[in-house]
Amino acid sequence: MARDTLTGSRIRERRTVAGIRQAELARDVGISASYLNLIEHNRRRIGGKLLVDIAQILGVEPSLLSEGAEAALISTLREAAADSAATKPELDRIDEFAGRFPGWAALISENHRRIAALERTAATLTDRLTHDPHLATSMHEVLTMVTAIRSTSGILAETEEIEPEWRTRFHRNLNEDSQRLAESSQRLVSYLDGAGDAGASLTSPMEEVELMLAEHNYSFPQLEEEQDQIAEFVEAQTTLKTSAAREMAAQALRQLRADARNMPREEMKAVIEANGADPAGLARKFNVSLAGVFRRLSVLSDDILPRPMGLVMCDGSGTLMLRKPIEGFPVPRFSAACPKWPLFQALNRPLHPIRQTVTVTGRDALQFECYAVTEPVGQVTFNEDPLYHSYMLVVPVESGDTQGREVGSSCRVCPSAECLGRREPSILVDGI
């Protein structure tokens, strides 16, 4: 049923909530009760002055009766229905449901969003517990202290005769080890308390840089126009707590400024409006590398691009160095990424661009167009193996009839057994 034909259902719902009888409402607006009954059962269309009069008596805006639930609410209800494998909701009546029971519809939508948020938090916690190096170090420290205390206390309990000097030393060791255990345990508890926050407890300079970029929504127009100095800007960022992070951030912003100089915002906007956001075409137009186009597209604002784009970057070992995730394409923070990503395929064929449609496994099973390329870093010289960085631009697409290659967000959720034999790289700190 079309949304604009549900005005009667909304009138009936609002009248019932207000505690007004059908005959009373009909008398107040000057129509018969039988005619109002036909309206409320969507058998007669309504508009104009009659709609305004009814809305005034019910104490609502006329648009709320004529337009009903917002599109966002309907969209969320459809998402909730798609995620439900056990039940089969009547999708053809979803507009009618939202119109007649807006409160229940809002409750279902809110619960769906809350469940999705809890699932993301659980995934973050699982990722940390499995791969976080800081957590592994803390657990090792706690276990070491527990073992030392157990050993010392065992000697004191099982040895009948101990010289006073040694007994005093053992007691002192117990006291010192127990203090270190208490401090380590407190640090571990504090760390776990913030583990659900994607920006809490940063464990590497790269993560500090990523948080800084995310706080600015990956957009720095004032730096692109060279109105501000990068060094002063970096020093003012409170999320950059270490000198290594500040140096990496400055390097990233210098690269961003260089890309903006090669591909000015207004010129990019004009080309994209005329020919679309084709990476290969943009590279030819501005005479730049594909990697530069990927970086530039990932930071352009929504008023230029038809939809936001994500970016993933890794070094030659496969270690993820930069993540700009987008909705539906999660990028692991600690664990190894899925080896079926085109990002890693491009590592095997430097300077050979790859374009591939992928479907990310999960409840939503969204499709993305992935563009990947591996390019050398710095100057290439004779008789020396170049260093490579691989880039992957992630572009959301409307699900079509063509099934993209299934990939996971990490090795643990990859749909094939290929993940099992992949070596998980160590975390490295590198430039962008």
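How many bridges pair strand 1 with strand 5, and in which sense do the two strands run? That was what I looked up when I opened this predicted model.

**Entry 1: the strands**

I found six bridges between strand 1 (residues 310–315) and strand 5 (residues 387–397), and the pairing is antiparallel. To fix the register in my mind, I noted that Val312 stands opposite Met392 of strand 5. Next I turned to strand 4 (residues 367–377), which also runs antiparallel to strand 5, with eleven bridges joining them. My marker for this pairing is Glu375, whose bridge partner in strand 5 is His389. I now picture strand 5 as pairing with strand 1 and with strand 4.

**Entry 2: salt bridges between helices**

I looked up the salt bridges next and noted a total of ten in the structure. One of them links Glu40 and Arg15, with 2.7 Å between the closest N and O atoms. Glu40 sits in helix 3 (residues 33–40) and Arg15 in helix 1 (residues 7–18), so this pair ties together parts that are 25 residues apart in sequence. Are Glu40 and Arg15 buried or exposed? I checked, and both are buried.

I then went on to Asp259 and Arg295, whose side chains meet in a salt bridge at 2.8 Å, N to O. Here helix 14 (residues 243–262) supplies Asp259 and helix 17 (residues 290–299) supplies Arg295, so the pair ties together parts 36 residues apart in sequence. I wrote down that Asp259 and Arg295 are both buried.

**Entry 3: a network with Glu110**

A friendly reminder to myself: follow shared partners too. Glu110, Arg113 and Arg114 are joined into one network by salt bridges that share partners. Within it, I looked at the side chains of Arg114 and Glu110, which meet at 3.8 Å, N to O. Both residues lie in helix 8, four residues apart, or about one turn of the helix. I list Glu110 as partly exposed because its relative accessibility is 33%, and the buried class ends at under 20%.

**Entry 4: a nonpolar patch**

Which residues form a nonpolar patch on the surface? My note names Phe101, Trp104 and Leu107, which together have about 310 Å² of accessible area. I placed Phe101 in the loop between helix 7 (94–100) and helix 8 (102–131). Phe101 counts as partly exposed because its relative accessibility is 30%. I end the page with helix 8, which holds Glu110 and Arg114 and follows the loop where Phe101 sits.

Technical notes: Residues numbered from 1 in each chain as written. Predicted model: local features only at pLDDT ≥ 70, side-chain atom pairs only at ≥ 80, totals over all residues. Heavy atoms only, no water. Patch = residues over 30% accessible without salt bridge, like charges linked within 9 Å, V, L, I, M, F, W, Y side chains within 5 Å. Areas by Shrake-Rupley, 256 points an atom, 1.4 Å probe, with all protein chains shown as cover. Salt bridge = Lys/Arg side-chain N within 4 Å of Asp/Glu carboxyl O. Buried < 20%, exposed > 50% of the residue type's maximum accessible area, 1.4 Å probe, protein only. Pairing = 2+ DSSP bridges.
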